[in-house]
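Colleague: I've got this one open in the viewer and would like a close look at a single part of it. Could you walk me through how that part sits against everything around it?

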Amino acid sequence: MKKTLLISAALLLASLVFTGCDKKEEPPKPKEGISKDQIQEQAGKLLDMTKDFLEEQKAKYFNDLQSKMQDFNQKLDELQARAEKATPEMKSKLQNLVQQLQQKQEVAKKQLEESKGAVGQTWDDMKSKLDNTLKQMDQDLEKGKDI
């Protein structure tokens, strides 16, 4: 009895599924009163707004980055001043750290210049590399506090 009921239910379900497969849905018709030109115009405006927004975000990122670089320069100067006053052993360690930081700073400047003209995925990749370089610079500055 259970077996027959189960088979009947499966057949009923299969017939409902296959019956619905023959129906073809028509694509929605555009609303009357909206022309193709109007749609294109609105799409163009939306695209322009998106570009403007992304440019604003990029400009904000570069402004923040400039601020970070200025802060980094100040901390680097402080580290150099500390190295000059340190004992010979500490002076050597601090000068090595300053040298490493200056090299990373040059890499960051180069990445910054390269990223200014980048768009899309290239921009995302370059931004990620730049963020990574800045993170490493911050970590190295923290090491300088421990020396």
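Colleague: The part I'm after is helix 3, residues 88-115. Which helices does helix 3 pack against, and at what angles?

Modeller: Sure, let's go. Keep in mind that this is a predicted model, so a word on confidence comes before the geometry. The protein averages a pLDDT of 82, and 80% of the residues score at least 70. Your pick does well here: among the elements, helix 3 has the highest mean pLDDT, 91. At the other end is helix 1 (residues 2-21), whose mean of 52 is the lowest. Where pLDDT is low, the predicted coordinates should not be read in detail.

Next, the setting. The protein has four helices and zero strands, so from the N terminus on the order simply reads α-α-α-α. Of the 147 residues, 19% are buried. Looking at contacts between residues at least 6 apart in sequence, 70% of them join residues at least 24 apart.

Now for the packing, starting with helix 2 (residues 36-85). Helix 2 and helix 3 pack at about 165°, with their axes 10 Å apart. An angle over 145 degrees counts as roughly antiparallel, which means that these two helices are roughly antiparallel to each other. Their crossing is left-handed. As for the chemistry of this contact, its residues split into 13 nonpolar, seven polar and five charged.

On to helix 4 (residues 120-146). The axes of helix 3 and helix 4 come within 10 Å and cross at roughly 165°, so helix 3 is roughly antiparallel to helix 4 too. The handedness is again left-handed. From helix 3, the contact takes in residues including Leu94, Leu97, Leu101, Gln105, Ala108, Gln111 and Leu112. Facing them from helix 4 are, among them, Trp123, Met126, Leu130, Thr133, Met137 and Leu141. Sorted by type, the residues of this contact come to eleven nonpolar, six polar and five charged.

A few residues are worth zooming in on. Take Gln105, which lies in helix 3. Its relative accessible area is 6%, so it counts as buried. Leaving aside neighbours within four places in sequence, Gln105 is in contact with Met69, Phe72, Asn73, Leu76 and Met137. Gln105 and Met137 are also both listed in the contact of helix 3 with helix 4.

Then there's Gln111, another helix 3 residue. With a relative accessibility of 15%, Gln111 is buried. Beyond its neighbours within four places in sequence, Gln111 is in contact with Met126, Lys129, Leu130 and Thr133. Those four residues belong to the helix 4 side of the contact with helix 3.

Val107 is in helix 3 as well, but this residue is partly exposed, at 40% relative accessibility. Val107 and Leu134 are 27 residues apart along the chain, and their C-alpha atoms are separated by 9.8 Å. Val107 itself is listed in the contact with helix 4.

For a reference point on the helix 2 side, try Ala81, which is in helix 2. Ala81 is partly exposed, with 35% relative accessibility. Ala81 and Leu94 are 13 residues apart in sequence, and C-alpha to C-alpha they are 9.8 Å apart. Leu94 is one of the helix 3 residues in the contact with helix 4.

That leaves the pairing between the two partners of helix 3. Helix 2 and helix 4 pack at an angle of about 25°, with axes 11 Å apart, which makes helix 2 roughly parallel to helix 4. Helix 2 passes helix 4 in a left-handed crossing. On the helix 2 side, the contact includes Tyr61, Phe62, Leu65, Met69, Phe72 and Leu79, and from helix 4 it includes Trp123, Leu130, Leu134, Met137 and Leu141. The residues of this contact divide into eleven nonpolar, one polar and seven charged.

To tie it back to your helix: Met69, Phe72 and Met137 all belong to the contact of helix 2 with helix 4, and they are also among the residues in contact with Gln105. I'd centre the view on Gln105, buried at 6% relative accessible area, and trace outwards from there.

Definitions and conventions:
Residues numbered from 1 in each chain as written. Predicted model: local features only at pLDDT ≥ 70, side-chain atom pairs only at ≥ 80, totals over all residues. Heavy atoms only, no water. pLDDT = per-residue confidence, 0-100. Axes fitted to C-alpha atoms, helices over the stretch in contact; angles between N-to-C directions. Parallel < 35°, antiparallel > 145°, perpendicular 65-115°, else oblique. Left-handed = near helix turned anticlockwise from the far one by under 90°. Nonpolar A, V, L, I, M, F, W, Y, C, P; charged D, E, K, R; others polar. Buried < 20%, exposed > 50% of the residue type's maximum accessible area, 1.4 Å probe, protein only. Contact = heavy atoms within 4.5 Å.
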